[in-house]
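Thanks, everyone, for making the time. I would like to walk through one model this morning, going slowly from single residues out to sheets and helices.

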Amino acid sequence: MLGVPPAESEAHANVVRTEHDALELIRMKGVITEVPALGMTSLVEAVAGGSVHGSWRNHAKGRLMYRLGRMLRASDEVLAVRLVEGKVAFVDPVLWAVVYRVAMEPSRRRRSLEGLSPQARALLSAVERDKVVRLEKNSEWTKGREALEERLLVHLSETETEEGRHVTVLRSWRDWVSPTVKEAAESLTYDEALARLREACGGAPAGLGPWVP
């Protein structure tokens, strides 16, 4: 009986099938992207067990990819941020202080506020004032929410209502952060945090995103 080649066997063993598998992969890598990005391990490819050609939504495992992405956004065990090439990335707790330090850097936040629409500014003010704002996934505030998410100006997660609808939860970073994470972040300079983030993202050959230099 022919054996399975080692590389193929290893790839098969690393295929993500469950939320637990996905969380284990994030713990091992530190950061993974949701969809393929240059130099990164992605959830989509991990579920597929290899490269995905064309739209992942049309893949045979597209529904599983989508479902796991929603689960990770709702999980307290990972941080979901638009980080690599502006794409959603899932971050292990070991790097939360690094992300928080970058997100809260005053000079970065000032640049991120430039060009915000009145709607996005109003939404940001509401989040900073109320600490937590919940929005329907597709609402009149969608464009404003997307702008805040892309610029790392608020923390975003998802939750599911009793009716089964996915709701986006916006929190101020100050409300989200724990004392332990905040203390660890305060021990880092901005340059140190950026260096650690780039290292965790495989050197970020295509950049961390337009709002993270």
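**A walk through the model**

Let me begin with Trp176, which, if we do not count residues up to four places away in sequence, touches Leu79, Trp96, Tyr100, His155, Arg171 and Val181. Please keep in mind throughout that this is a predicted model. Trp176 has its place in helix α9, which covers residues 173–176. Is this tryptophan buried or exposed? At 15% relative accessibility Trp176 counts as buried, because the cut-off for that word is under 20%. For a sense of distance, the C-alpha atom of Trp176 is separated by 20 Å from that of Gly30, with the two positions 146 residues apart along the chain.

Now to the sheets, starting with the one made of β4, β5 and β6. These 3 strands form an open sheet in the order β4-β6-β5, and the pairing is antiparallel. The edge strands are β4, residues 132–136, and β5, residues 155–160, each of which pairs on one side only. From one strand to the next, the twist averages 30°.

Looking at the pairings one by one, β4 and strand β6, which spans residues 166–171, are joined in the antiparallel sense over 5 bridges. Within that pairing, Val133 stands opposite Leu170 in β6, and Arg134 stands opposite Val169 in β6. On the β5 side, how many bridges join β5 to β6? There are 6 bridges, and here too the strands run antiparallel; as one example of facing residues, Thr159 stands opposite Val167 in β6. β5 and β6 form a hairpin with 5 residues between them, and in the turn you will find Gly164 with a positive phi of about 90°.

What lies across these strands? Helix α8, residues 142–150, lies across β4, β5 and β6, and runs at about 55° to β6. One residue of α8 that I would like you to look at is Glu149, which at 14% relative accessibility counts as buried. Leaving aside neighbours within four places in sequence, Glu149 is in contact with Arg82, Val88 and Leu156.

A charged residue to set beside that one is Arg70, found in helix α4, residues 62–74. At 10% relative accessibility, Arg70 also counts as buried. Once its neighbours within four places in sequence are left aside, Arg70 is in contact with Lys137, Glu158 and His166.

There is another sheet to describe, again with 3 strands forming an open arrangement, this time in the order β1-β3-β2 and with antiparallel pairing. Its edge strands are β1, residues 31–33, and β2, residues 79–84, each pairing on one side only. Neighbouring strands of this sheet are turned by 40° against each other on average, with direction ignored. β1 and strand β3, residues 87–91, pair in the antiparallel sense over 3 bridges, and the bridge partner of Thr33 in β3 is Ala89.

Let me turn to how helices meet. Two packed helices are described by the angle between their axes and the distance between the axes. For helix α5, residues 96–104, and helix α6, residues 106–113, the axes come within 5 Å and cross at roughly 60°, which makes α5 oblique to α6. Which residues make the contact? From α5 they are Val102, Ala103 and Met104, and from α6 they are Pro106, Arg108 and Arg109. Sorted by class, this contact of α5 with α6 has 4 nonpolar, no polar and 2 charged residues.

I will finish with helix α11, residues 190–200, whose buried residues are Tyr190, Ala193, Leu194, Leu197 and Ala200. Seen down the axis of α11, these buried residues fall within an arc of 130°, and so they line one face of the helix. What do they pack against? The buried residues of α11 pack against α2, residues 19–29, as well as β1, β2, α5 and α6. The face turned away from that buried side carries the exposed residues Asp191 and Glu199. After α11 comes Gly202, whose phi is positive, near 65°.

Key:
Residues are numbered from 1 along each chain as its sequence is written. This is a predicted model: local features need pLDDT of at least 70, side-chain atom pairs count only at pLDDT 80 or more; totals for chains, interfaces and linings use all residues. Side-chain values use heavy atoms; hydrogens and water are left out. Two strands pair if DSSP finds at least two bridges between them. Helices (H or I, at least four residues) and strands (E, at least two) are DSSP runs, numbered from the N terminus. Axes are lines fitted to C-alpha atoms, for helices over the stretch in contact, and angles run from 0 to 180 degrees between N-to-C directions. Contact means heavy atoms within 4.5 Å. Angles under 35 degrees count as roughly parallel, over 145 as roughly antiparallel, 65 to 115 as roughly perpendicular and the rest as oblique. Ala, Val, Leu, Ile, Met, Phe, Trp, Tyr, Cys and Pro count as nonpolar, Asp, Glu, Lys and Arg as charged, and the others, Gly among them, as polar. Buried means under 20% relative accessible area, exposed over 50%, partly exposed in between (1.4 Å probe, protein chains only). The arc is that of the directions from the helix axis to the C-beta atoms.
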